[in-house]
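Subject: The structure, and what I found in it

Hi there,

Here is the structure I said I would pass along. Please have it open beside you while you read.

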2 protein chains.
Amino acid sequence: MSTAKSEPLAARISRELSDRIVTGRIEAGARLRQDHIAEEFGTSHVPVREAFRRLESQGLVRSEPRRGVRVAGFTHDEVREVAEMRAALEALALRNAAPHLTNAILDEAEEATRAGDRARDVQSWEEANRTFHRLILEPCGMPRLLRAIDDLHTASSRFLFSGWRAEWETPTDRDHRSILTALRAGDSDRAASLLAHHVGWIGKSAYRNKRG
Amino acid sequence: MSTAKSEPLAARISRELSDRIVTGRIEAGARLRQDHIAEEFGTSHVPVREAFRRLESQGLVRSEPRRGVRVAGFTHDEVREVAEMRAALEALALRNAAPHLTNAILDEAEEATRAGDRARDVQSWEEANRTFHRLILEPCGMPRLLRAIDDLHTASSRFLFSGWRAEWETPTDRDHRSILTALRAGDSDRAASLLAHHVGWIGKSAYRNKRG
DNA sequence: AATCAATAAATTATCTATAATTAGGAGATG
DNA sequence: CATCTCCTAATTATAGATAATTTATTGATT
């Protein structure tokens, strides 16, 4: 392939497991046995354990000493928690990114929104959505913040793939476009506030979905 | 001792290294060689590597594949970044904690503030300060958020111990007391706003300190 | 300055020990 | 007599140590 060059095994394993958990191919609560996974990847258990540590820090997995590792579950409260954290942090990132946004970036973001409209399946919708958010937030130049947001976004997408949320069928493009409009007008406070509502709404929608 | 029985070695090593980094006993940029640390702790290098992964996720250490691990440095920008993240997240936590705060908790927080006043050295001031924040935020019942705040607090205390900040000599107690007053009056929005300013101010102070 | 050998360090594999879970059986109780 | 509980043995899995391999870095020599 290409990047499979000198990347540590732990990174590859962690990425692959993360993908499986996010897309639901490994279900919540499932136990992850280190030597089974090691066997599957054709490695020893050592890099597998390191991968576990990373997944644990991302909140995808829960580890109990001497008892093993299992995929983290998610309750309504946790969905809401992640949504509110995203709202707070993405608003912060956008306020800091706004001064550095160029027209070229905003155009790219507009295109990502259109790609989301065109999406016919969850995967491509999610990819477009993530691209949009990343594009307008990255210029904030706060690496730690961006990493935190990325982890939260990953957690969010778990809920999306699990079918709780019909988010990708709803008119998210309206929100995206009003955010872009505010940014083009230089009103970064309004843009941040719109973004916070846009993201925070996800938590409420998940809750409503499960209820009714 | 007590609970040091069945705790994994990686956890113990990670905690000890974290403490050394935070208090500055290991300086920024220093290289951490797994074999040396393993020898010091009387273990093999395997649990040391796992400890590294945890420290990496906490932002205390930076790891380059095949090149080793070194203690993360911190620039002015990073100090500001952490402060702003704390401001955003602690405000969120406080808004969610406010409905569950009891008078007993607020009294404990008041006592922690007094302990901070009495503190004559950085360690005990930091401990009191951390206790204060933890007390009023914990009832929010959002474990993921609390973990994130805790990691940020750890990062903050690095700057404190490094001597950049004279924060502990300043009248932080004023801020703490006005927050408690707002909470007792049931004005959680005002309390959250005060807390955000209180925490965010740290970033500015560090910046100012270094300048003048 | 550049190349190649020597050294050091990170990464991974294999092997060992210890703790946890399960299975089976003995004894007690209804 | 059947069933339930408790205890012990056997299996399984995690955690750690040691050994082997690969990659980076240093130093010497041309």
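Below are my notes on the interface, the DNA, one loop residue and the salt bridges.

First, the ground rules. This is a predicted model, in which local features need pLDDT of at least 70 and side-chain atom pairs count only at pLDDT 80 or more, while totals for chains, interfaces and linings use all residues. Residues are numbered from 1 along each chain as its sequence is written, chains are lettered from A and ligands numbered from 1 in the order in which they are written, and side-chain values use heavy atoms, with hydrogens and water left out.

**Chain A against chain B**

Chain A brings 28 residues to the contact and chain B brings 29 (contact means heavy atoms within 4.5 Å). About 2500 Å² is buried between the two chains, and carbon and sulfur atoms give 57% of that; buried area is the accessible area (1.4 Å probe) that two parts lose on being put together, summed over both. On the chain A side, A:E50, A:E81 and A:R144 lose the most area to chain B, together 27% of what that side buries.

There are 4 salt bridges between chain A and chain B (a side-chain nitrogen of Lys or Arg within 4 Å of a carboxyl oxygen of Asp or Glu). B:E50 forms a salt bridge with A:R49, with the closest N and O atoms 2.7 Å apart. The elements of chain A that give two or more residues to the side touching chain B are α3, α4 (76–97) and α7 (143–161); helices here are DSSP runs of H or I, at least four residues, and strands are runs of E, at least two, numbered from the N terminus. Of these, α4(A) gives the most, with 9 residues.

**DNA strand D**

Strand D is surrounded by 21 residues, and the closest are A:H45, A:R49, B:L9, B:S44 and B:R67 (near means a heavy atom within 4 Å). Of the strand D atoms within 4 Å of the protein, 72% belong to sugar or phosphate and the rest to bases. A backbone N or O atom of B:L9 lies 2.6 Å from a phosphate oxygen of strand D, and a polar backbone atom of B:S44 is 2.7 Å from a phosphate oxygen of that strand. For A:D35, a polar side-chain atom lies 3.3 Å from a phosphate oxygen of strand D.

**A loop residue in chain B**

B:A72 sits in the loop between β3 (68–71) and α4 (76–97) of chain B. At 4% relative accessibility, B:A72 counts as buried (buried is under 20% relative accessible area, exposed over 50%, partly exposed in between, with a 1.4 Å probe and protein chains only). B:A72 and B:L60 are 12 residues apart in sequence, yet 5.4 Å apart in space, C-alpha to C-alpha.

**Salt bridges within chain A**

Over all chains the count is 40 salt bridges. One joins the side chains of A:R20 and A:E16, at 2.9 Å from N to O. Because A:R20 and A:E16 are 4 residues apart in helix α1 (residues 9–22) of chain A, about one helical turn separates them. A:R20 is buried at 15% relative accessibility, whereas A:E16, at 27%, is partly exposed.

The side chains of A:E90 and A:R86 also meet in a salt bridge, 2.9 Å from N to O, and both residues are buried. Finally, a network of salt bridges links A:D107, A:E110, A:D117, A:D173, A:R177 and A:R184.

Best wishes

Notes
A polar contact is a pair of N or O atoms within 3.5 Å; within protein, one must be able to donate a hydrogen and the other to accept it, and residues adjacent in sequence count only if both atoms are side-chain atoms.
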